[in-house]
Amino acid sequence: MMQLTPSKSVLLRRSIPQPARPFSRAKVATSLDLPRDHHQQFMASLSGPKALALHKRFTLDFHADPDLERLSEKQANFLYKRGFLPEKVRLYGLTPDNIDLYLSDVQRWLTRLVNGSYSIVFNDKVLFTQVLGRYCRVPDIIATFRNGRAIPYSPIWDRVVNGQDDGRMMVAKPLGGGGGGSVYFIRTDRHHAVVETNDDSNSRIIVKVDELAEVLAGQEVPFILNDYIQQGVFTKTLFPLTVNTLRVLVVRSPITGQARVMRAVQRIGTSESYPIDNFSLGGLSSEVDLVSGELGCAVAAEGKYKGHGWECHPDTGERIRGKRVPDWENIKHGICRVFNQLPYVKYCGFDLVIDDEGVVVLEGNSYSQVRLFQMNRPLLECQELVEFYKKEGLLGNYKEKQEAIAAG
């Protein structure tokens, strides 16, 4: 793995978001149609067997959070009663004055119910490719691996394992779910395959090409193998050692019924997250201004760069703040057009790669992680998002959500 050493001259930092931001969070909170301390009301309203299972999961995660040790008993009780994990004090700068503006961890988990049974479109990457491939560019499937065997989807697979391909870059990841925890980047020639991953215990292995199927089919969960998407000049400049993806949160407007881009961030890899840009593994998140496409300071949740905002990349010194996502208006319109082709879907965090031809849609997340958005700015600062979450029973109107939880 290539290690990059940060230069002290480019460590241009600012604190992670704290209450003393340029806006007054208390005033914003009272200007929105939200009751004071609505999170505690929501937690108290959850009942029934499914809600009990949710409480159990939250309790286990809460006590497993390493940040719990930093909190007083009073702080811990305050967070627990409102559905936030302890890490959010460090990541968001939560206080009693600003907490009402943030979507809680429990509310985020419940967003998985928003799309109902149609969540499978995003949870199964083969189905995702088959459905969205009709409306936009998606990565080609080369093969899948399950139950100890390879299932080819393209003649490319046979050429690779038989040593007939001149060389190829591919990406393998779990077939279902998300999180980026197990991703394999594979480079092949006629004889060997070099496999790199973010697994520190086995970050790089070299096998013969005819052994590649055994490596991928031997995983504990089904895997999918796709063609590698070469990113374009803009995102490659941000950090050349990882593919740097956009996460765009799209919802169906409760007023118009049409797709609306509500928040977007540019994820940027680091030497901590290599070979991927994953935010949970030390990558950066830079908010994209929805009007101009301009990037703000980047923040990191984990790794050696956590707890700082970066105007420049901490490894390379490349400027981040102030750069503009190319063709941003067309990107927004394009992802909304795709979303509107799926009238049964109401909520999705799309992962996009900008290449030299436009945009490739990598995957969709039916209950998108929200800390990569909220470390930059709270989600409930936006009235339109508040109205969306309220309609889905996550803010104030609990009856329908209780029925959905009870139904499983």
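Me: Is β2 mostly enclosed or open to the outside?
Reply: Five of the six residues of β2 are buried, so β2 is largely enclosed by the rest of the structure. Buried means under 20% relative accessible area, exposed means over 50%, and partly exposed is in between (1.4 Å probe, protein chains only).

Me: What kind of model is this?
Reply: This is a predicted model: local features need pLDDT of at least 70, side-chain atom pairs count only at pLDDT 80 or more, and totals for chains, interfaces and linings use all residues. Residues are numbered from 1 along each chain as its sequence is written, and side-chain values use heavy atoms, with hydrogens and water left out.

Me: Which strands pair with β2?
Reply: β8 runs antiparallel to β2, joined by four bridges. β3 also pairs with β2 in the antiparallel sense, over four bridges. Two strands pair if DSSP finds at least two bridges between them. Strands (E, at least two residues) and helices (H or I, at least four) are DSSP runs, numbered from the N terminus.

Me: Which residues face each other there?
Reply: I141 stands opposite N226 in β8. F145 has A150 in β3 as its bridge partner.

Me: What links β2 and β3?
Reply: They form a hairpin with two residues between them. N147 in that turn has a positive phi of about 55°.

Me: OK, whole sheet now. What is the strand order?
Reply: The sheet is open, has seven strands and runs β3-β2-β8-β4-β5-β6-β7, with antiparallel pairing. β3 (149–152) and β7 (204–208) stand at the edges. Each has a single partner strand, so one side of each is left without a neighbour in the sheet.

Me: How much are neighbouring strands turned against each other?
Reply: By 25° on average, direction ignored. Axes are lines fitted to C-alpha atoms, for helices over the stretch in contact, and angles run from 0 to 180 degrees between N-to-C directions.

Me: And how does β7 pair with β6?
Reply: In the antiparallel sense, over five bridges. β6 covers residues 192–197. H192 has K208 in β7 as its bridge partner.

Me: Which helix packs on the sheet?
Reply: Helix α8 (residues 125–132) does, touching β2 (141–146), β4 (168–174) and β8 (223–227). Its direction makes about 155° with that of β2. Contact means heavy atoms within 4.5 Å.

Me: Where does L127 lie?
Reply: L127 lies in helix α8. L127 is partly exposed, with a relative accessible area of 25%.

Me: What is L127 in contact with?
Reply: I120 and V121, leaving aside neighbours within four places in sequence.
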